[in-house]
Amino acid sequence: YKAVRDSEERLIAATEGPGGYSVPEGGIPAPARIEVFLAVRDELQPWLANLAEANEQFLVDREKQETGGVKEFVKLFITGSDLMPVYAGFWTARNEALLEHAMGPGEFAYTYTLVYRTWLGLGREGSPAEAYPTEALSAALEPYRTRLLETYVPEVELLELIFEKDKPTR
């Protein structure tokens, strides 16, 4: 999936220095950067809905396969194979949206984690997590609460934070 790798390389070259992303002083992004994060989230909504639907179909097919024999196994294999182009399309679209809005992978992942896990207390796949909101963090993010919650898609959140640069090298 060369397109994913190429889009990420362009993104990193344009948005992150040699040391990667630097957390803002005090740990809270400026309002303008939260707006950028939300613009990226808004752009990705159709892709996120498609990912959630494709993942749901895979889970349905997997459940059928457990009792359905060889025919259902083949269907599951095909469904699983069909997921990879959907994932690659999403990752490329995400990288392009981030590049368009001058937000690098480090800033995106930091802001995502800060907003959804640290502040709102949403864990993996929407499960409750320990929230650690400070007064300053709550004051900074409260005006964006509704929009942030509207753009959260728990079924695919792990896929959103996968970047090639984070994969272990061999």
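These are my notebook entries on two threonines, T113 and T151, and on the nonpolar core, all looked up in a predicted model.

**Entry on T113.** I started with T113 and found its place in helix α3, which covers residues 105-119. I then looked up its exposure: T113 has a relative accessible area of 30% and is partly exposed, because that value falls between the 20% limit for buried and the 50% limit for exposed. Turning to its side chain, I noted that a polar atom lies 2.9 Å from the backbone oxygen of A109. Not counting residues up to four places away in sequence, T113 touches T118 and L161. For L161 I also looked up the separation from T113, which is 48 residues in sequence and 9.4 Å in space, C-alpha to C-alpha.

**Entry on T151.** I next went to T151, which sits in the loop between α5 (145-150) and α6 (157-160). Its relative accessibility is 2%, so T151 counts as buried. The side chain of T151 has a polar atom 3.1 Å from the backbone oxygen of L148. When I left aside neighbours within four places in sequence, the contacts of T151 were L38, R41, D42, Q45, L48 and Y116.

**Entry on the core.** Which residues have the most contacts inside the largest nonpolar core? I found L51, F108, Y116 and L148, in a core of 39 residues. The elements giving two or more residues to this core are α1 (2-15), α2 (31-100), α3 and α4 (135-141), and α2 gives the most, with 18 residues. I followed L148 further and, leaving aside neighbours within four places in sequence, noted its contacts with F37, L38, V115, Y116, W119 and L141.

Conventions. Residues numbered from 1 in each chain as written. Predicted model: local features only at pLDDT ≥ 70, side-chain atom pairs only at ≥ 80, totals over all residues. Heavy atoms only, no water. Helix = DSSP H or I, 4+ residues; strand = E, 2+ residues; numbered from the N terminus. Buried < 20%, exposed > 50% of the residue type's maximum accessible area, 1.4 Å probe, protein only. Contact = heavy atoms within 4.5 Å. Polar contact = N/O pair within 3.5 Å; in protein donor to acceptor, adjacent residues only side chain to side chain. Core = buried A, V, L, I, M, F, W, Y, C linked by side-chain atoms within 4.5 Å.
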